Amino acid sequence: MKSFRCFLSFLQMIKQHCSSVYFKLQRVKLPIALRLLSALFPRHCPVCAKPVPYGTLIHAECQTVLPFIFGPTCLRCGKPVSSSAQEYCYDCRTFPKSFQKGLSLFLYNKETRPIMSAFKYHNNRRLADFFIWELFFQQYSQNYFHIYSKRYSHSHSRIYAAIESLGIDAVIPVPIHKNKYKKRGYNQAELLSRRIALIFNLSHYPDMLIRSVDTLPQKQFTPQARLNNLKKAFRFNSRYDNLVQTNASLSVLLVDDIYTSGATMEACTRILLSAGIPNVCVLSICIGMARD
Ligand SMILES: [Zn+2]
Ligand SMILES: [Zn+2]
């Protein structure tokens, strides 16, 4: 019995060693893979769908139509608000959120809706690189091959600086149900969270939250009823109980593609908080406009 336990711990040690080497190698392998893929399969602009020059992800003129979030935003969820005198948006005032801070890149409007649809429903997984580049690097480099190299690890875009100042330890995607995963072949939020963890050298826990129910909450429900429905749809993976118990000050970044009413992020946050994680921040690519 004792020798069997020794054998198991030996296997565990090899597994841990291999995964840390693999993680370090990713920084080298990913840029090479990006170059190869880009040479074999040229990239197309997310806005006009025409091919883009090698090493870029979007045409300079198409970049200008993207609805970047700037100016005053809600202190809680990050939705743009009409004046800086307004601390919180209508949604957060009427339905307070449990996460510490929300960050988002674009407004969810007629320009970004088709891009998000291509990313989520039409297998355009390569858009993940475009979003990462826009999130952290577009002010610093025209060449997207730099995004996973150490050369640009000191970028200070608005969202990069915010993530650093929040003291995040781990990144978690909002999960999709396993039936949807089988059908789609990927979780779009996980494509983003994996890349963010890699760039910031953070832990990535793609299965910390599990979506156990596939039904969507109906729109006619009140925010409270929608939240209750959603809370039943997710659960905490007990595999991580020990990790949470031994890290009393764990801070996690919850990642999703689109934030509208915030009900999904809120439901996931409450599950993480009740599992014992004290700090949760949320990041999305697109966010809906706030009502005044
Ligand atoms: Zn274009
Ligand atoms: Zn808000």
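A helix here is a DSSP run of H or I at least four residues long, numbered from the N terminus. I keep that in mind for every entry below, and I also note that the model is predicted.

**Entry: overview**

I began with the secondary structure and got eleven helices and seven strands for the protein. Next I checked burial: 34% of the 292 residues are buried. I then looked at contacts between residues at least 6 apart in sequence, and 70% of those join residues at least 24 apart.

**Entry: the cores**

Which residues touch the most other members of the largest nonpolar core? I found Val252, Leu253, Leu254, Val255 and Cys268 in that role, in a core of 60 residues. Helix 5 (residues 127–137) gives this core its largest share, nine residues.

I picked Leu253 and listed its partners, leaving out residues up to four places away in sequence. It touches Ile163, Ile168, Val171, Cys281 and Leu283.

There is also a second core, separate from that one, with six residues; Cys77, Val81, Cys89 and Cys92 are among them.

**Entry: helix 5**

How many residues of helix 5 are buried? I counted eleven of its eleven, and helix 5 is mostly covered. I went through the names too: the buried set includes the charged-type entries Asp129 and Glu134, along with Phe130, Phe131, Trp133, Phe136 and Phe137.

I then turned to its packing with helix 8 (residues 188–200). The two axes cross at roughly 45° and come within 10 Å. Angles from 65 to 115 degrees would count as roughly perpendicular and those under 35 as roughly parallel, so I have helix 5 and helix 8 down as oblique to each other. The crossing is right-handed.

From helix 5 the contact uses Ala128, Phe131, Ile132 and Phe136, and from helix 8 it uses Leu191, Leu192, Arg195 and Ile199. I sorted these by type and got seven nonpolar, no polar and one charged. The charged residue is Arg195.

**Entry: Ala189 on helix 8**

I stayed on helix 8 to look at Ala189, which is found there. Is Ala189 buried or exposed? It has 24 other C-beta atoms within 10 Å, and the cut-off for buried is 20 or more, so I call Ala189 buried.

Its contacts reach well along the chain numbering. Setting aside neighbours within four places in sequence, I see Ala189 in contact with Pro173, Val174, Val255, Asp256 and Asp257. Val255 was already in my notes as one of the residues touching the most other members of the largest core. I also checked Leu254, another residue of that group: Ala189 and Leu254 are 65 residues apart in sequence but 9.2 Å apart in space, C-alpha to C-alpha.

**Entry: helix 9 against helix 11**

Two packed helices are described by the angle between their axes and the distance between the axes. For helix 9 (residues 223–233) and helix 11 (residues 263–274) I noted an angle of about 55° and axes 9 Å apart. That angle makes helix 9 oblique to helix 11. I have this crossing as right-handed.

Helix 9 brings Pro223, Arg226, Leu227, Leu230 and Lys231 to the contact, and helix 11 brings Ala263, Thr264, Glu266, Ala267, Arg270 and Ile271. By type I get six nonpolar, one polar and four charged. Thr264 is the polar one.

**Entry: positive phi**

Most residues other than glycine have a negative phi, so I looked for exceptions.

Ala49 has a positive phi, near 70°. I placed Ala49 in the loop between helix 1 (2–40) and helix 2 (60–63). With 10 other C-beta atoms within 10 Å, Ala49 is exposed.

Asn123 is no glycine either, and its phi is about 60°, again positive. I found Asn123 in the loop between helix 4 (113–121) and helix 5. It has 11 other C-beta atoms within 10 Å and is exposed.

**Entry: Asp241**

Last, I looked up Asp241, which lies in helix 10 (residues 241–246). How many C-beta neighbours does Asp241 have inside 10 Å? I got 12, and exposed means 12 or fewer, so Asp241 counts as exposed. I also took its spacing to Met208: 33 residues in sequence, and 9.6 Å in space from C-alpha to C-alpha.

Methods
Residues numbered from 1 in each chain as written. Chains lettered and ligands numbered in written order. Predicted model: local features only at pLDDT ≥ 70, side-chain atom pairs only at ≥ 80, totals over all residues. Axes fitted to C-alpha atoms, helices over the stretch in contact; angles between N-to-C directions. Helix = DSSP H or I, 4+ residues; strand = E, 2+ residues; numbered from the N terminus. Parallel < 35°, antiparallel > 145°, perpendicular 65-115°, else oblique. Left-handed = near helix turned anticlockwise from the far one by under 90°. Contact = placed C-beta atoms within 7 Å. Core = buried A, V, L, I, M, F, W, Y, C linked by C-beta atoms within 7 Å.
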